[in-house]
Amino acid sequence: MMSLPFFGFTLAFAGILAGQRRLAVALLALSLIATLVLFKVHATDALPISL
Amino acid sequence: MTPALSRTLNILGLIGICVVLMVAFVDQLAFGELPCPLCLLQRAGFVGVAAALALNVRFGPRPSHYGLMILSAAVGFAVAVRQMLLHIAPGDAGFGAPFLGLHFYSWAAILFGVVIVGAAALLLFDRQFSFDPGLPTWSGLALVALGLGFAMALGNGVSTVLECAGGLCPDNPTSYLLLQEGGLKNFFAP
């Protein structure tokens, strides 16, 4: 699960190397969204500060 | 700024981000400090920045590529600041050993900030976005930078699979889950 963004970025790099710009941009954007979703899953602990 | 100069700067930026990711790998492999989940997400932010730089290197500079670069850095910055706040209370030793006086997540926050400011500054130079038919698609340095970026993305993916198997990573990882008893060792056992 945690590796999904990295493999998405890897495919984006493959798209870049293959000259497929639109595919690479879409994969990059999807991988960023996956990173954000994983961040939401992991940001569960309360911060040790009071604001 | 000409398209060629912009591309050169993007190549150097891509190599710089790859060096950052390689330092993290050296710390992981040579010193045995396994990355925590938030550390992995910061690495993902750096790989995203690298991919956006690679778009500029391969297809020429475009505002949308810089936009993706800033968004990737913003995601990484948010994760790094979150981790800094987790360890901000007095007496908290922080996660992992410091590097040059700061923890990796503090360095990451600084570097993501530099990427955001750098990308925004480069967006100010409109001439780089003019079409240049003489701009070569490939150069030796560009190919090296793109290959490095690809290797860093794939290497982090493989490393994360070994560390976390198919699920979410433990908060404080001490070993590679897939290499423990019951993991790949059983799979390959006679």
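Which residues of α2(A) are buried? Keep that in mind while you get your bearings. This is a predicted model, where local features need pLDDT of at least 70, side-chain atom pairs count only at pLDDT 80 or more, and totals for chains, interfaces and linings use all residues. Residues are numbered from 1 along each chain as its sequence is written, while chains are lettered from A and ligands numbered from 1 in the order in which they are written.

**Stop 1: chain A**

Select chain A and colour it by secondary structure. You'll get 2 helices and 0 strands; helices (H or I, at least four residues) and strands (E, at least two) are DSSP runs, numbered from the N terminus. The C-alpha trace spans about 50 × 20 × 10 Å along its principal axes. Its radius of gyration is 15 Å, whereas a compact globule of 51 residues would come in near 10 Å. That radius is taken over C-alpha atoms, and the globule rule is 2.2 Å times the number of residues to the power 0.38.

Of the 51 residues here, 43% count as buried. Buried means that 20 or more other C-beta atoms lie within 10 Å of the residue's own, exposed means 12 or fewer, and partly exposed is in between, with C-beta atoms placed from the backbone.

**Stop 2: helix α2 of chain A**

Now select residues 21-42 of chain A. This helix has 22 residues, which at 1.5 Å a residue should span 32 Å, and its end C-alpha atoms are indeed 32 Å apart. (The expected span is 1.5 Å times one less than the number of residues.)

Back to the opening question: show A:Ala24, A:Val25, A:Leu27, A:Leu28, A:Ser31, A:Leu32, A:Thr35, A:Leu38, A:Phe39 and A:His42, the buried residues of α2(A). They cover an arc of only 165° around the axis, so they sit on the same side of α2(A). The arc is that of the directions from the helix axis to the C-beta atoms. On the face turned away from the buried side, pick out the exposed A:Arg22 and A:Lys40.

What lies over the buried residues? The cover includes α1 (4-17) of chain A together with α2 and α3 of chain B.

**Stop 3: A:Phe13**

Step over to helix α1 of chain A and select A:Phe13. It counts as buried because it has 27 C-beta neighbours inside 10 Å. Leaving aside neighbours within four places in sequence, A:Phe13 is in contact with B:Ala51, B:Ala54, B:Gly149, B:Phe150 and B:Ala153. Two residues are in contact if their C-beta atoms, placed from the backbone, lie within 7 Å.

**Stop 4: chain B and the interface**

Bring up chain B, which has 6 helices and 0 strands. Its C-alpha atoms fill a box of roughly 55 × 50 × 25 Å along the principal axes, and 39% of its 190 residues count as buried. Of the contacts in chain B with a separation of 6 or more, 76% link residues 24 or more positions apart.

Then highlight the contact between the chains: 38 residues from chain B and 29 residues from chain A. On the chain B side, α2 (37-59), α3 (63-86) and α5 (140-164) each supply at least two residues, and α2(B) has the largest share, 14 residues. By class, that side has 27 nonpolar, 9 polar and 2 charged residues. Here Ala, Val, Leu, Ile, Met, Phe, Trp, Tyr, Cys and Pro count as nonpolar, Asp, Glu, Lys and Arg as charged, and the others, Gly among them, as polar.

**Stop 5: the core**

The largest nonpolar core has 61 residues, and those with the most contacts inside it are A:Leu28, B:Ala50, B:Ala51, B:Ala54 and B:Met69. Such a core is a set of buried Ala, Val, Leu, Ile, Met, Phe, Trp, Tyr and Cys residues joined through C-beta atoms within 7 Å. α2(B) gives the most to this core, with 15 residues.

Centre on B:Met69: beyond its neighbours within four places in sequence, it is in contact with B:Val49, B:Ala52, B:Leu53, B:Val115 and B:Ala119.

**Stop 6: a loop in chain B**

Finish in the loop between α3 and α4 of chain B, where B:Phe95 lies. B:Phe95 is partly exposed, with 18 other C-beta atoms within 10 Å. Setting aside neighbours within four places in sequence, its contacts are B:Cys36, B:Gln83, B:His87 and B:His103.

B:Leu100 is in the loop between α3 and α4 too. It counts as exposed, with 5 C-beta neighbours inside 10 Å. Check its backbone: phi is positive, about 55°, although B:Leu100 is not a glycine. Most residues other than glycine have a negative phi.
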